[in-house]
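User: I am new to protein structures and would like to learn how to read one. Can we work through a case together, feature by feature?
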Amino acid sequence: MVHQWRSWFLEGRQNVHDDERSDRPVTAMDNAAVAAVRNVVEADRRITFDEIMIRLPPGIEIGRSSIGTIMSDILNFRKVCARWVPRFLSENHKQQRMEAARAFLEMHRRDGDQLFSCIVTGDESWVHHSTPETKRQSMVWKKPEESAPKKAKVTIYAGKVMAIVLWDCKGALLVDHLPPNTTVNAARYCEVLTKLRAAIKRKRPGLLSRKMLLFHDNARPHAARTTKTLLENFKWEIFTHPSYSPELAPSDFHLFPALKLHLGGKHFANDDEVQAEANHWLRRQDTAWYNSGIKKLLQRYQNRNGQYDDSTHKLYDKANSETASWNRNWTLFDWNNHVRYFEFSQSLRKMGPAFALGNHKQQRMEAARAFLEMHRKDGDQLFSRIVTGDESWVHHSTPETKRQSMVWEKPEESVPKKGEEHA
């Protein structure tokens, strides 16, 4: 090779770089292949790479890597999961949202930021004795040789208290907790409104004589005839809340999510403790925090198309993450590795049925030894003697998993939604 280079330099060559040459022509991603992949994907947005390879017409033979390049670099597709929304909105629901937006924006145009000081809002929500921490709260730094930490599922029998919070741009006006085994009905809600009126007189002198605007949703106790009659007697102005619109209710998008985030990972022994903690947290929030929650209404009502905006998706993704967090690939009985309790692939605190105590681990060890001993004695004939079974709920409507709802999306398209169907 040295002699070859010597002869080239004697002939006048002056560098050691390769000469330019034509590459092998690209045949895997020509126009025909791109068109074929586009047609297959347009016909089924949930298709996988392996299914694309099977459904391509004869004469088009390309591999997974070429399909991936076509999808991402040429066609600009990306695969996304459907987003949860509270409910698929009908045209009537969209019209209600449009009318509410126009009414709110007109009031703000007329009154300016003074409008926010007139708004009183509130809602009810359960506050649990044990609130599971969110995924983000449970994230920890893990070394390669360490196993992911675990967290046990909160029992469904854990206690809870119904909290009713009414507030304005300056702070909480009234915090009421229902007694055990009671629900919010029209009579109870009228009692709360009467207490609210007294609290406003005490904490916000002059607000009742000015224009006070009550923001509450259209739940049955709020829309009952007795409630409407009481509000007419109070001469309060009521802002009509559109149906299925939690992202337009300040308590739903601002106050309660923050409260439950604070309670995440905490455990209380009784109702009094959880009530005291919730009340203490509400008192600790400053005026700026409450004011920011009320002022967010302006931006949210500027969503003019009547559809749910991104804030709704975030709210309901968070709400459903608690339900979806149990949908994991975990192994309860792993006889040949009985020391390991669950199998997970991510470094988060994983939700399991319960923490395995010393007695539980001993029971698992004994069951593993007994099963392996039977298999050693009988061999595979053991499996033909086993009869097993269990019970499980089968629902009329079972939501898709995230993987099932994934579709190919173009850059100019909006993320698909999935939600509760109309009753």
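User: Leaving out residues up to four places away in sequence, which residues does H177 touch?

Analyst: First, a caution: this is a predicted model. H177 touches V161, M162, A163, R188, Q275 and N279, once residues up to four places away in sequence are set aside. H177 itself lies in strand β6, residues 171–177.

User: Which of these neighbours has a side chain in polar contact with the side chain of H177?

Analyst: N279 does. The side chains of H177 and N279 are joined by a polar contact of 3.2 Å.

User: Is H177 buried or exposed?

Analyst: Compare the relative accessible area with a cut-off: under 20% is buried, over 50% is exposed, and partly exposed lies in between. H177 has 13% relative accessibility, so H177 counts as buried.

User: Let me zoom out. How many helices and strands does the protein chain have?

Analyst: The protein chain has 15 helices and 11 strands. It has 423 residues, and 36% of them count as buried. Its accessible surface is about 27,000 Å², with 51% belonging to carbon and sulfur atoms.

User: What share of the contacts joins residues far along the sequence, 24 or more positions apart?

Analyst: Take the contacts in the protein chain with a separation of 6 or more. Residues 24 or more positions apart account for 74% of them. For one pair of residues, set the distance in sequence beside the distance in space. A32 and G59 are 27 residues apart in sequence, and their C-alpha atoms are 9.7 Å apart. A32 is found in helix α2, residues 31–43. The relative accessible area of A32 is 43%, so A32 is partly exposed.

User: Now a single helix. What span should helix α5 have, and what do its end C-alpha atoms show?

Analyst: Count the residues, then use the rise for each. Helix α5 covers residues 91–111, which is 21 residues. At 1.5 Å a residue, α5 should span 30 Å. Its end C-alpha atoms are 30 Å apart, so the two agree.

User: Which residues of α5 are buried?

Analyst: The buried residues of α5 are H93, K94, R97, A100, A101, F104, M107 and H108. They cover an arc of only 155 degrees around the axis, so they sit on the same side of α5. The face turned away from that buried side carries the exposed residues E91 and R109.

User: What do the buried residues of α5 pack against?

Analyst: They pack against three strands and a helix: β3 (119–128), β7 (213–215), β8 (237–239) and α12 (287–301).

User: What residue follows α5, and what is its phi?

Analyst: G112 follows α5, and its phi is positive, near 70 degrees.

User: Which residue other than glycine has a positive phi near 60 degrees?

Analyst: K235 is one such residue, with phi near 60 degrees. K235 is found in the loop between α9 (225–234) and β8. Its relative accessible area is 75%, so K235 is exposed. N76 is not a glycine either, yet has a positive phi of about 60 degrees. N76 sits in the loop between α4 (64–74) and β1 (78–80). At 41% relative accessibility, N76 counts as partly exposed.

User: Next, the rings. How many aromatic pairs does a search of the whole structure find?

Analyst: The search finds 10 aromatic pairs. One of them is F104 with F215, an edge-to-face pair, 6.1 Å centre to centre and 90 degrees between the planes. F104 lies in helix α5 and F215 in strand β7, so this pair ties together parts 111 residues apart in sequence. Both F104 and F215 are buried.

User: What kind of pair do F239 and Y301 form?

Analyst: Two values describe a pair of aromatic rings: the distance of the centres and the angle of the planes. F239 and Y301 are edge-to-face, with 5.8 Å centre to centre and 75 degrees between the planes. The pair links distant parts of the chain, with F239 in strand β8 and Y301 in helix α12, 62 residues apart. F239 counts as buried at 7% relative accessibility. Y301 is buried too, with a relative accessible area of 1%.

User: Which residues form one aromatic cluster?

Analyst: F104, F215, F239 and Y301 form one aromatic cluster. Look back at α5: F104 is among its buried residues, and β7, β8 and α12 are among the elements those residues pack against.

Technical notes:
Residues numbered from 1 in each chain as written. Predicted model: local features only at pLDDT ≥ 70, side-chain atom pairs only at ≥ 80, totals over all residues. Heavy atoms only, no water. Helix = DSSP H or I, 4+ residues; strand = E, 2+ residues; numbered from the N terminus. Buried < 20%, exposed > 50% of the residue type's maximum accessible area, 1.4 Å probe, protein only. Contact = heavy atoms within 4.5 Å. Areas by Shrake-Rupley, 256 points an atom, 1.4 Å probe, with all protein chains shown as cover. Expected span 1.5 Å × (residues − 1). Arc of directions from axis to C-beta. Polar contact = N/O pair within 3.5 Å; in protein donor to acceptor, adjacent residues only side chain to side chain. Phe/Tyr/Trp six-rings, centres within 6.5 Å; stacked < 30°, edge-to-face > 60°.
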